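This report walks through a protein model for a reader who has not met it before. Please look over the sequence and the structure first, and then follow the sections in order.

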Amino acid sequence: MNRRVLGTVTACAVALSLVGTAAGQATAAPHPGSAPAADVWVTTPDRTELLHRRAPVAFRPGASARTTITVDPDRTYQRMDGFGAALTDSSAALLGALPAKDRDAAMRRLFDPDQGIGVSFLRQPVGSSDFTAEAEHYTYDDLPAGQTDFELRHFSIAHDEERILPLLRQAKHLNPDLTVMATPWSPPAWMKTGDTLVGGRLKDDPAVYQAYARYLVKFVQAYAAAGVPIDYLTVQNEPQNRKPGGYPGTDLTAGQEAQVITALGPLLRRASPRTKILGYDHNWTTHPDDVASTPPGQDPETDYPYRILDSDAARWVAGTAYHCYSGDPSAQSAMHDAHPDKGIWFTECSGSHGAADTPEQIFRGTLTWHARTITIGTTRNWAKSVVDWNIALDAAGGPHNGGCDTCTGLLTVQGDGTVSTDAEYYTIGHLSKFVKPGAVRIASTSFGTTGWNGQLTDVAFRNPDGSTALVVHNENDDPRTFAVAVGDRSFEYTLPGGALATFTWPKSGALKASKHEIPLTGATATGSPTADGAALAVDADGSTRWSAGRAQEPGQYLQVDLGRPTRFDRVAVDSGDNLGDYARGWELSVSEDGTTWRPLRSGPGVGQLTTVDVPGTRARYLRVTGTGSAPNWWSIADLRLYR
């Protein structure tokens, strides 16, 4: 992994939270026709609540004027594979050394969907990474310098049979829906320039490409024979990390990765059809240090993942894997927009900390950064998986051989053999315990961003059984009260500052919407006293907004050209989570030509969300005019039409 830019991303070990059977029990199905209650689990930055199950909250008829998270099950996005971390050699050594009773308890806390958080996705290193308990780095076909093994006669996974594979089999027993992804940090040294695992390049030789492809296939076959089938495979961890700090790594150009994949694809399809290839497996953007380390005269390939999917090798690639150490999750959406037929997986991020950080600072910093950036940020940007780095480390952030010395895991194995939980246990757990493999992300309005903006951010999913899970993070340091709306019902809730919460509710006919949102694709907007940012009010993104940019006074307006005559029965004017920025008075009017206007409805402003029924309305143009005065600006984060 590349640990160069996570100075403020932190985590710590805390007392192992009680996440027992009660937390895994679903609310009893309501009587047909009655609205269900939502179950609530909360984690706070001060650790007073750690996946704590609170009292349920009931849905009530009608809307709320508060900042409202509107969940729309009719609009769907990616299907989820799972959530988890990596069972590195270091993690396996620590967990494997525990007494059997304590090891089993720790594994249940991780993988059991009822007694633990139900980790459902593991990323498994193929050979050594920086997080190994071994004194020497290794692959599955190591030879003395100068020797080669193109026939792979010396290939063996014996190293993993002692600790790693027994734990993987136990994990799959605890959670049969577990997905396993495999990633090598380096090919065997004899395949590389410099004959070393640490740095260097894969030799540019067709025979080496074929040998490496067969090496990876043999790994997949050996693991399957050992009871751990591999679902996804990448060919190189962080291929642009050209100067790993004392641990295995390979400078693999996009052209070389494409050649390896081209050799691997046909072999893997015959040997293990279930195993899909993912490309890239590196940061959202090319790290500046990786750009700087590009050999003189060579291309830094800052568009590396696009080159893979634009190459002939793309036929063998299911999608792209990303890490968190440079850039932000919006890169995933950009990739999805360019290649909507390919998937996105998020496969690595680690908490870290400064030398002088207190345990309280570490826990708070990691919880809040990971909550908004990883738990919610990656999933709102098309990720089918959310995977942190080590699943367990010791109190010193090891053992490791080179690489990161400030990393944290989901669990910490203390020197006395006790096991405690880090913030990442909860940022993953708020997903993995409640969002089941095969769940589909559904639409929900979200107002926060991956940069701390003090607002509410969220993501919602529909599980295979029809139940819903909504994960909400309060980015503000102060408590925030908000509403959640589904169909024609809603509930209000208050979260402590910085808290992360998951709300779940069963499938219910009472939550079906009587009206459905009309996509505003192609709509344009203008405004007064400023047209700047008017398009942000019709971009279906609550984290962006149009604002009048000055104190409210009568006559300010937002005008929308729907592009064609459109029938609608309801208008929602959503001022988002900029508290107080709602119109103190409003008027809706419509026009066929943008010149002659007909008033529809008017009224006083009462809060962040104004919902107005206008049955049987048909128009091309819609104008929302402010009719009141206030020192607050007037903002519209989202304007929505329903029919």
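In which strand is the place of isoleucine 69? The model is a predicted one, and in it isoleucine 69 has its place in strand β4, which covers residues 68-79.

## Isoleucine 69 and its surroundings

With a relative accessibility of 0%, isoleucine 69 counts as buried, because the cut-off for that word is a relative accessible area under 20%. Once neighbours within four places in sequence are left aside, isoleucine 69 is in contact with Ser444, Thr445, Phe447, Asp458, Leu470, Val472, Phe482, Ala483, Val484 and Ala485. One of these contacts can also be described by its distance along the chain, since isoleucine 69 and serine 444 are 375 residues apart in sequence, while their C-alpha atoms are 6.2 Å apart in space.

## Helix α6

Helix α6 runs through residues 206-225, and at 1.5 Å a residue its 20 residues should span 28 Å; the C-alpha atoms at its ends are 29 Å apart, which agrees with that expectation. At the N-terminal end of α6, aspartate 205 acts as a cap, with a side-chain oxygen that lies 2.9 Å from the backbone nitrogen of alanine 207. Just after the helix, glycine 227 takes a positive phi of about 95 degrees.

The buried residues of α6 are Val208, Tyr209, Ala211, Tyr212, Ala213, Tyr215, Leu216, Val217, Phe219, Val220 and Tyr223. The elements that cover these buried residues include the strands β6 (121-126), β7 (179-184) and β8 (232-233), together with the helices α4 (158-162), α5 (164-174) and α7 (254-271).

## The loop between β8 and α7

Glutamine 236 lies in the loop between β8 and α7, and glutamate 238 is found in the loop between β8 and α7 as well. Glutamine 236 is buried, with a relative accessible area of 1%, and its side chain has a polar atom that lies 2.9 Å from the backbone oxygen of tryptophan 185. A polar contact of 3.3 Å also joins the side chain of glutamine 236 to that of threonine 250. Not counting residues up to four places away in sequence, glutamine 236 touches Thr183, Pro184, Trp185, Ser186, Pro187, Gly249, Thr250, Leu252, Tyr280 and Asp281.

Glutamate 238 is likewise buried, with a relative accessible area of 1%, and although it is not a glycine, glutamate 238 has a positive phi of about 40 degrees.

## Backbone exceptions

Most residues other than glycine have a negative phi, and most peptide bonds are trans. Tryptophan 382, in the loop between α11 (359-376) and β12 (383-390), has a positive phi near 80 degrees and is a residue other than glycine.

Where do cis peptide bonds occur? The bond from glycine 398 to proline 399 is cis, with omega near 0 degrees, and proline 399 has its place in the loop between β13 (392-394) and β14 (411-413). The bond from serine 528 to proline 529 is also cis, with omega near 20 degrees, and proline 529 is found in the loop between β23 (524-528) and β24 (546-547).

## Threonine 625

Threonine 625 is found in strand β28 and is buried, with a relative accessible area of 14%. Leaving out residues up to four places away in sequence, threonine 625 touches Gly555, Gln556, Tyr557, Gly585, Trp586, Glu587 and Trp634. Threonine 625 and glycine 527 are 98 residues apart in sequence, and their C-alpha atoms are 9.6 Å apart in space.

## Cavities

How many cavities of 30 Å³ or more does the model hold? The count comes to three, and the largest of them holds about 80 Å³ of space. The lining of the largest cavity is made up of Val573, Ser575, Tyr582, Ala583, Trp586, Leu588, Gly605, Gly607, Gln608, Thr610, Val624 and Trp634. The elements that give two or more residues to this lining are β26 (585-591) and β28 (609-626), and the lining residues divide into seven nonpolar, five polar and no charged.

The second largest cavity holds about 40 Å³ of space, and its lining consists of Thr88, Asp89, Gln124, Pro125, Gly127, Ser128, Ser129, Phe131, Tyr138 and Ile164. By class, this lining has four nonpolar, five polar and one charged residues.

Key
Residues are numbered from 1 along each chain as its sequence is written. This is a predicted model: local features need pLDDT of at least 70, side-chain atom pairs count only at pLDDT 80 or more; totals for chains, interfaces and linings use all residues. Side-chain values use heavy atoms; hydrogens and water are left out. On a 1 Å grid over the protein atoms alone, a cavity is a set of points where a 1.4 Å probe fits but cannot get out, and a pocket is an open set with protein on both sides within 12 Å along at least five of seven lines; lining residues have an atom within 4 Å of a point. Grid points are joined across faces, edges and corners, and a volume is the space filled by probe spheres set on the points. Helices (H or I, at least four residues) and strands (E, at least two) are DSSP runs, numbered from the N terminus. Ala, Val, Leu, Ile, Met, Phe, Trp, Tyr, Cys and Pro count as nonpolar, Asp, Glu, Lys and Arg as charged, and the others, Gly among them, as polar. The expected span of a helix is 1.5 Å times one less than its number of residues. Buried means under 20% relative accessible area, exposed over 50%, partly exposed in between (1.4 Å probe, protein chains only). Contact means heavy atoms within 4.5 Å. A polar contact is a pair of N or O atoms within 3.5 Å; within protein, one must be able to donate a hydrogen and the other to accept it, and residues adjacent in sequence count only if both atoms are side-chain atoms.
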